[in-house]
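Q: I am new to this structure and would be grateful for a close look at a single part, with its surroundings explained step by step.

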Amino acid sequence: MSDTHAQSAAFVRESFIPQSPPPARERGILKWGRENLFSNWFYTLLTLVSLYVVFSLLSGFLPWLFSGVWNAGSLSECREILQGVDAGCFAVLTERWNQLLFGFSYPTEAYWRPTLAFILLFVCAAPVLFSGLPRKLLILTLLYPFAAYWLLWGGTIVVPLMALLGVVLGYVAFGATVSRGFATALVAALVVAGIVWWVGIAVAGAVPDFVALMPVPSRDMGGFMLNMMLGTVCVSLSLPFGILLALGRQSRLPIIKIACVAFIEFIRGVPLITLLFVANVVLAYFLPPGTNFDLILRVIIMITMFASAYIAEVIRGGLAALPRGQYEAADALGLDYGQAMRLIILPQALKISIPGIVNVAVGLFKDTTLVSIISMFDVVGMIRGPILASTDWNGVYWELYGAAALLFFVVCYTISQYSQWLERKLATDHR
């Protein structure tokens, strides 16, 4: 720049000034509060009213929580310790925690078995939930149902091993006959697996128990363990059945479409508690005399049917949301129906359906408490039955139901957070 031009300029920058932090009002919690809580007079009023309500609730709840009694033998002993102070009697939780978690009759020396099954659930489900893990770990996911059954029910290990063998041989039969059509391969797989299972049940009593655990009948299972069992099994089974029902409802074959539509509409039109009563009472009239059909298995079947119908409608909505061009693209690539659904259509439809599927899963897990109405002692059944029926703790309500609510909240909130993480991970659109 010439000297004449430099002298005529009002200001010439010769060096850069270092960047300064933004004002306090434009960063951190002050900025967030000004934009979200005090942006105008109406939001300011709502914020103040909300703070007052929260303060009023916490001022009564926190002293009741932190001044509570955790060591006492009965409600009357709690009241003697509190001496009229309004506080919680949490001693019922420290004394009856085992019944809340494992039920009233599950053997005490076998508590390690459902605990180990619960830990293995997270380990073996990780390869399915997180795609970054090695695919070889899916072998653990395949083995988990059989290991969990053996841990929970006990008995000889021959039964779960034969069940696993049936699944493996059924898969081999499916792969060997899939060239003749999907329906033929499916029938072949079911026949082979069924034969192996029947043989396994027949020879289980004759084979020496080289590895066996103390058997535990289904009637001795209860507490939150029963809720976790029903929720995990029914959600896991209802998802594939829901996919099949959704595809069947859109099938061009009239018989398959009518059957799927009739099943979905009938199940969605009947309350779950009615299906549970059918599983508990009515279903026994349709079985041969002397047939011992496990109650937990009957309940699992009914809850799975109920959830499958709702998941089918959720997935059908995801299929309907896809543009027609996706189907045409699959046809242009020369893919058959199975390949198109597996590689193009279903991945996108399931991604769209994640919020609805999670909503059904959370609702289903909470609905497992309905089994207490048919005399199954889940966590709610334990509270309403053996615990409150005892003279020592008759009158303790908030502490017990609060603990049950906390257990359900932890599980449901974890499911919700995982679904939101999965949606962010699978997001491919740029917004």
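A: A convenient place to begin is Val-235, which touches Ala-361 and Leu-364 when residues up to four places away in sequence are not counted. The model is a predicted one, and every value given here is computed from it. Val-235 is found in helix H10. Its relative accessibility is 27%, so Val-235 counts as partly exposed, since that class lies between the 20% limit for buried and the 50% limit for exposed. Val-235 and Ile-303 are 68 residues apart in sequence, yet their C-alpha atoms are 9.0 Å apart in space.

Val-235 also leads to a second residue of the helix. Its backbone oxygen lies 3.1 Å from a polar atom of the side chain of Ser-238. Ser-238 has its place in helix H10, which covers residues 223-249. Is Ser-238 buried or exposed? Ser-238 counts as buried because its relative accessibility is 1%. Apart from neighbours within four places in sequence, Ser-238 is in contact with Thr-304, Ala-307, Ser-308 and Ile-311.

One of these partners, Thr-304, may be viewed from its own side. Thr-304 has its place in helix H13, residues 295-321. With a relative accessibility of 6%, Thr-304 counts as buried. Leaving aside neighbours within four places in sequence, the contacts of Thr-304 are Cys-234, Leu-237, Ser-238 and Phe-241. The contact between Ser-238 and Thr-304 therefore joins two residues that count as buried, at 1% and at 6% relative accessibility.

Helix H10 has a further role in the picture, as part of what covers another helix. Among the elements covering the buried residues of H17 is H10, together with helix H3 (41-66), helix H5 (91-102), helix H15 (337-367) and helix H16 (379-389). The residues of H17 that are buried are Glu-399, Leu-400, Ala-404, Phe-408, Cys-412, Ser-419 and Leu-422. Helix H17 itself runs over residues 398-426 and has 29 residues. At 1.5 Å a residue H17 should span 42 Å, and its end C-alpha atoms are 41 Å apart, so the two values agree.

H17 also borders an open space. The second largest pocket has a volume of about 250 Å³. The elements that give two or more residues to its lining are helix H4 (75-82) and H17. H4 supplies the largest share of that lining, with three residues. The lining comprises 15 residues, and those nearest the centre of the pocket are Leu-75, Arg-79, Ala-87, Cys-89 and Glu-399. Glu-399 thus appears here as well as among the buried residues of H17.

Leu-75 connects this pocket with the stretch that precedes H17. Asn-394 is found in the loop between H16 and H17. Leaving aside neighbours within four places in sequence, Asn-394 is in contact with Leu-75 and Leu-388. Because its relative accessibility is 47%, Asn-394 counts as partly exposed. Asn-394 and Tyr-106 are 288 residues apart in sequence, and their C-alpha atoms are 23 Å apart in space.

The wider setting is given by the domain assignment, which divides the protein chain into domain 1 (32-67), domain 2 (155-213) and domain 3 (220-426). The C-alpha centres of domain 1 and domain 3 lie 37 Å apart.

Methods
Residues are numbered from 1 along each chain as its sequence is written. This is a predicted model: local features need pLDDT of at least 70, side-chain atom pairs count only at pLDDT 80 or more; totals for chains, interfaces and linings use all residues. Side-chain values use heavy atoms; hydrogens and water are left out. Helices (H or I, at least four residues) and strands (E, at least two) are DSSP runs, numbered from the N terminus. Buried means under 20% relative accessible area, exposed over 50%, partly exposed in between (1.4 Å probe, protein chains only). A polar contact is a pair of N or O atoms within 3.5 Å; within protein, one must be able to donate a hydrogen and the other to accept it, and residues adjacent in sequence count only if both atoms are side-chain atoms. Contact means heavy atoms within 4.5 Å. The expected span of a helix is 1.5 Å times one less than its number of residues. Domain bounds come from an automatic or database domain assignment. On a 1 Å grid over the protein atoms alone, a cavity is a set of points where a 1.4 Å probe fits but cannot get out, and a pocket is an open set with protein on both sides within 12 Å along at least five of seven lines; lining residues have an atom within 4 Å of a point. Grid points are joined across faces, edges and corners, and a volume is the space filled by probe spheres set on the points.
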